[in-house]
Amino acid sequence: MELLNIKKLCLTDKKVFIRCDFNVPMDEFGNISDDRRIRSAISTINFCLDQNCSVILASHFGRPKGEIVQKYSLSPIARRIQHLLKRDVSMAKDVVGPDALQKASELKEGEVLLLENLRFEMGETKNDEELSKALASMADVYINDAFGVCHRAHSSVEGITKFFDDKHKAAGFLLQKEIEFFAKLISKPIRPFAAIIGGSKVSGKLEALINLLPKVDKIFIGGGMAFTFLKQMGYDIGASLVEDELLQDAQHIMDEAKKLGVKFYLPVDVIAADKFAQDAVSKIVTAQEIPSGWMGLDIGPATVRLYREALNDVQTVLWNGPMGVYEMDKFARGSSKIAHFVADSYATTVVGGGDTADLVQRIGVDDEISFISTGGGASLELLEGKILPGVAPLIIREA
Ligand code: AMP
């Protein structure tokens with residue numbers, strides 16, 4: 001699959017719209033805790049600026065759901081881009097409102113404009129044509145470098161591409177790199193191939209789990225999603241996170257794994273807490289002995305040992321989703337131990353997803369991971385073999 005190449009575009013004197021993914025994690029004080037996604041877009045932005053064009057940057061951030069919510073403003077992100085680009089970045093007060101349109105029309109060569117959070121517009125997630133058109137009207141060329149959101153048919157990702165012909169749109173360097181990496185990973189993974197899947201819910205990763213089963217040799221489950229499986233196996237999981245409506249799906253996944261000969265691992269012990277808080281009373285218990293009313297917030301030490309043992313011979317590891325509530329130190333140990341083990345292994349290691357990327361960076365092992373993808377959902381959908389809606393319009397069609 002070959003994508004329209006940014007290097008083949010004529011960008012001189014043009015206005016270039018770059019859809020980025022600046023949806024970065026922030027701490028409770030509004031500081032950016034991992035700016036990987038911003039740093040990853042810099043080479044595309046600089047490449048464009050080097051061609052003497054002007055650049056309009058656009059991204060979503062958080063889930064403001066079509067409303068203007070100050071805490072989701074992109075202003076802290078504008079400051080970070082400015083710092084990384086070492087040049088001024090002006091910020092529009094809106095997305096396609098009068099301020100954005102005026103600033104975009106007045107943009108001169110070498111200047112950079114950042115639009116406000118795309119999701120302040122209700123139409124963005126609905127792939128609204130009017131919004132796509134308004135966004136497209138600001139620029140001559142469209143570049144998509146937002147891998148993390150390419151699995152969504154949104155206005156600035158999919159709809160907007162209809163307003164540019166193949167000579168005026170392309171994939172940015174980051175998008176290109178991600179697509180190439182996953183294409184190789186799917187076509188020839190070195191086996192054994194293991195997927196470590198964690199995070200809060202089965203629902204978000206249900207399809208990915210089902211589709212990964214025929215591709216991998218081992219699956220390791222962690223995080224909140226483990227409890228839906230444990231409950232289905234008849235364990236009393238106390239007040240742990242559970243999706244009762246997915247119990248049958250959990251059973252289906254375990255049955256399929258068995259049928260396909262995929263080794264399916266669940267936590268054998270957990271760190272149970274009396275409440276969802278850093279100052280909770282907590283203890284290590286086996287998965288069978290979670291006290292009633294308590295919740296499992298991390299995998300326990302026996303699970304860490306078991307997972308390490310079973311990961312020992314693995315040659316390719318895909319990790320998506322933390323093993324516990326890693327944002328609270330008390331429940332970060334399981335994720336941290338697995339992160340160190342994955343980082344130290346000689347396997348090809350791939351980490352996907354904002355939380356997991358944030359986690360390996362916090363722990364300081366990010367340099368040891370073979371590939372950190374900026375997209376969690378997007379990378380899982382690629383591994384399922386899907387063509388992402390944001391990528392499809394950028395594929396070079398046979399003449
Ligand atoms: P996801 O976005 O689905 O990858 O989930 C990431 C989130 O899952 C993180 O914010 C974790 O705090 C949360 N998480 C992980 N383990 C648990 C758990 N055992 N109970 C509740 N939340 C969890």
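A residue is near a molecule or strand if one of its heavy atoms lies within 4 Å of it. The model is predicted, so local features need pLDDT of at least 70 and side-chain atom pairs pLDDT 80 or more, while totals for chains, interfaces and linings use all residues. Residues are numbered from 1 along each chain as its sequence is written, and side-chain values use heavy atoms, without hydrogens and water.

**Exercise 1.** Describe the surroundings of the ligand.

Step 1. There are 15 residues around the ligand, and Ser-200, Lys-205, Gly-224, Gly-296 and Glu-327 come nearest.

Step 2. Sort the shell by class: 6 residues are nonpolar, 6 polar and 3 charged. Here Ala, Val, Leu, Ile, Met, Phe, Trp, Tyr, Cys and Pro count as nonpolar, Asp, Glu, Lys and Arg as charged, and the others, Gly among them, as polar.

Step 3. Look for N or O atom pairs within 3.5 Å. Polar side-chain atoms of Lys-205 and Glu-327 each lie by an oxygen atom of the ligand, at 2.9 Å for Lys-205 and 2.4 Å for Glu-327. For Gly-224, a polar backbone atom is 3.1 Å from a ligand nitrogen atom.

Step 4. The protein buries 79% of the 500 Å² that the ligand exposes when taken alone (Shrake-Rupley method, 1.4 Å probe).

**Exercise 2.** Work out the strand order of the antiparallel sheet and find its edges.

Step 1. Strands are DSSP runs of E with at least two residues, and helices are runs of H or I with at least four, numbered from the N terminus. Two strands pair if DSSP finds at least two bridges between them.

Step 2. The order of this open sheet of 3 strands is E11-E10-E12. E11 (282-286) and E12 (295-299) each have a single partner strand, so one side of each lacks a neighbour in the sheet.

Step 3. E10 (residues 269-273) is joined to E11 by 5 antiparallel bridges; Ala-273 has Ser-282 in E11 as its bridge partner.

**Exercise 3.** Do the same for the parallel sheet, then place helix H10.

Step 1. The 6 strands of this open sheet follow the order E9-E8-E7-E13-E14-E15. The edges are E9 (263-265) and E15 (371-373), each with a single partner strand.

Step 2. E7 (residues 193-197) and E13 (residues 316-320) run parallel and share 5 bridges. Ala-194 is opposite Val-317 in E13.

Step 3. H10 (residues 333-344) lies across E7, E13 and E14 (348-352), at about 150° to E13. That angle is taken between N-to-C directions, on a scale from 0 to 180 degrees, with axes fitted to C-alpha atoms.

Technical notes. A polar contact is a pair of N or O atoms within 3.5 Å; within protein, one must be able to donate a hydrogen and the other to accept it, and residues adjacent in sequence count only if both atoms are side-chain atoms. Contact means heavy atoms within 4.5 Å.
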